[in-house]
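Open the structure in your viewer and keep the sequence panel visible. The stops below each give something to select and then say what is there.

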Amino acid sequence: MDTILVVNAGSSSVKFQVFALDGDGRLRREIKGQMDGIGSRPRLRATGATGDTLADRAYPIESVQDVPGALMLASAWLRDELQLSPLAVGHRVVHGGPDYDRAVLIDHGVIARLERFTTLAPLHQPHNLAPIRSLLANFPALPQVACFDTAFHRDHDQVADHYAIPRGLHDEGIRRYGFHGLSYEYIAKTLPQVAPDIAKARVVVAHLGSGASMCAIHGGRSVESTMGFTALDGLPMGTRTGQIDPGVILYLMTAKGMSPPEVQNFLYRDCGLKGLSGISNDMRELQNSSDPRAAFAIDYFVYRVALHAGMLAAALQGVDAFVFTAGIGENSVGIRARIAERLAWLGVTLDPTENARHALRISRADSRTPVYVVPTDEELMIAQHTLSLLLNRHSSSRPKRERAS
Ligand code: ADP
């Protein structure tokens, strides 16, 4: 069986999926797996296409020391027990910096370039790159593809790409990149099939998961994002602040004596729904709680989503449709209803029955602005990019030329 391996490597876990290539060139998901507890309690879990358990086993701590080690172990399991040797590996890489506006076939030069962007995403980029480096060293003939969370947004207009800082800093890379690009690209590519009426229109997509952002899409292209230089900006998330006055950071450092690593940890891990509620970063838990702090965290989340919808509507000069996706967007009837209520001024009227049954279109037939729920699939997007680069090796490792500013 010809397969593509998709890898999403984090600091203490490696998620992977295996896609089989049909005779007609289509990709079919065969396996979903995860190595977690790296450095503490390593565990491999994997399920097949129908959700059947293929593996659930613990390993001694010393057998899985780091992220590359975890991927090696998962690859050995695929090879030795399932006789699967992928044709290519597609990796989720958080940052393509200013250079990459599309996925790229990896070689040593590409890795060197991507290493330069580590300072732009210190919590993610090193973990994304480590298994790539290790696979390149151990299997130099195995094609690997990097797929970026930033790439889909690289076409933004200059005014959307800049901060009001001296231009030299922009040239150095301090820009509004935007993230969750693989999710938005998947939605943009899926709309022509699931909602052809709005595929070419002005659409606000809300990716509401543990990480949350929103994207303004026009004619299938990203125009604006709520995230910027890092994945901290915009909406409040499970544990991240979302938009915050930079003066607060200065205050934390000067008045509270917090060091830069402490501030970083605080902004990424202690804020958002968790910080506001003091209970949980998980939306389900908050919805099930009777604690008024949980209710307040939800109120804040809903308010901020609606506030940013207004900003994106301004970027698009109007909204023709609204799309919910990711964990909260795809599953929470209540949060969708509350956000839609706040979007009434944009012409949104939800159909409670359709919303409750998670229909594709959850707005009323007479809603001026239709609202959709479209499940995202970032892994399929990565597999598709990997396959197309594999089939078309020539357009490989050249970064996009910078546009004149
Ligand atoms: P990520 O991939 O960023 O880890 P997900 O897209 O899986 O995150 O989203 C996780 C979030 O989705 C969590 O806050 C979780 O509580 C929320 N979620 C999942 N299912 C539901 C549900 N039925 N109702 C409310 N929230 C849900």
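Start by selecting strand β10, residues 212–218. Six of its seven residues are buried (under 20% relative accessible area, with a 1.4 Å probe and protein chains only as cover), so β10 is largely enclosed by the rest of the structure. Strands here are DSSP runs of E with at least two residues, helices are runs of H or I with at least four, and both are numbered from the N terminus.

Before going on, note that this is a predicted model, in which local features need pLDDT of at least 70, side-chain atom pairs count only at pLDDT 80 or more, and totals for chains, interfaces and linings use all residues. Residues are numbered from 1 along each chain as its sequence is written, and side-chain values use heavy atoms, with hydrogens and water left out.

**The neighbours of β10**

Add strand β9, residues 202–208. β9 and β10 run antiparallel and are joined by seven bridges; two strands count as paired if DSSP finds at least two bridges between them. Strands of a sheet pair through backbone hydrogen bonds, either parallel or antiparallel. Select Val203 and its bridge partner in β10, Ile217. Then select Leu208, whose bridge partner in β10 is Ala212. The hairpin from β9 to β10 passes through three residues.

Now add strand β11, residues 221–225. β11 pairs with β10 in the antiparallel sense over four bridges. One pair to select is His218 with its bridge partner Arg221 in β11. The hairpin between these strands has two residues, and Gly219 in this hairpin takes a positive phi near 60°.

**The whole sheet**

In what order do the strands of the open sheet lie? The order of the five strands is β11-β10-β9-β12-β13, and the pairing is mixed. β11 and β13 (371–373) are the edge strands, each pairing on one side only. On average, neighbouring strands of this sheet are turned by 25° against each other, direction ignored; the axes are lines fitted to C-alpha atoms, and angles between N-to-C directions run from 0 to 180 degrees.

**His153**

Select His153, in the loop between β8 (144–148) and α4 (158–161). Is His153 buried or exposed? His153 is buried, with a relative accessible area of 0%. Its side chain makes a polar contact of 2.8 Å with the side chain of Ser222. A polar contact is a pair of N or O atoms within 3.5 Å; within protein, one must be able to donate a hydrogen and the other to accept it, and residues adjacent in sequence count only if both atoms are side-chain atoms.

**The ligand**

Select the ligand and the residues near it, meaning those with a heavy atom within 4 Å. Among them are Gly209, Ser210, Asp282, Arg284 and Gly327. α12 (326–331) and α10 (283–288) each supply at least two residues of this shell, and α12 gives the most, with four.

Next, look at the oxygen atoms of the ligand. One is 2.5 Å from an N or O atom in the side chain of Asp282. A backbone N or O atom of Arg284 lies 3.1 Å from a ligand oxygen atom, and a polar backbone atom of Gly327 is 2.8 Å from a ligand oxygen atom. The protein covers 67% of the 570 Å² of accessible area that the ligand has on its own, computed by the Shrake-Rupley method with a 1.4 Å probe.

Note on methods:
Buried means under 20% relative accessible area, exposed over 50%, partly exposed in between (1.4 Å probe, protein chains only).
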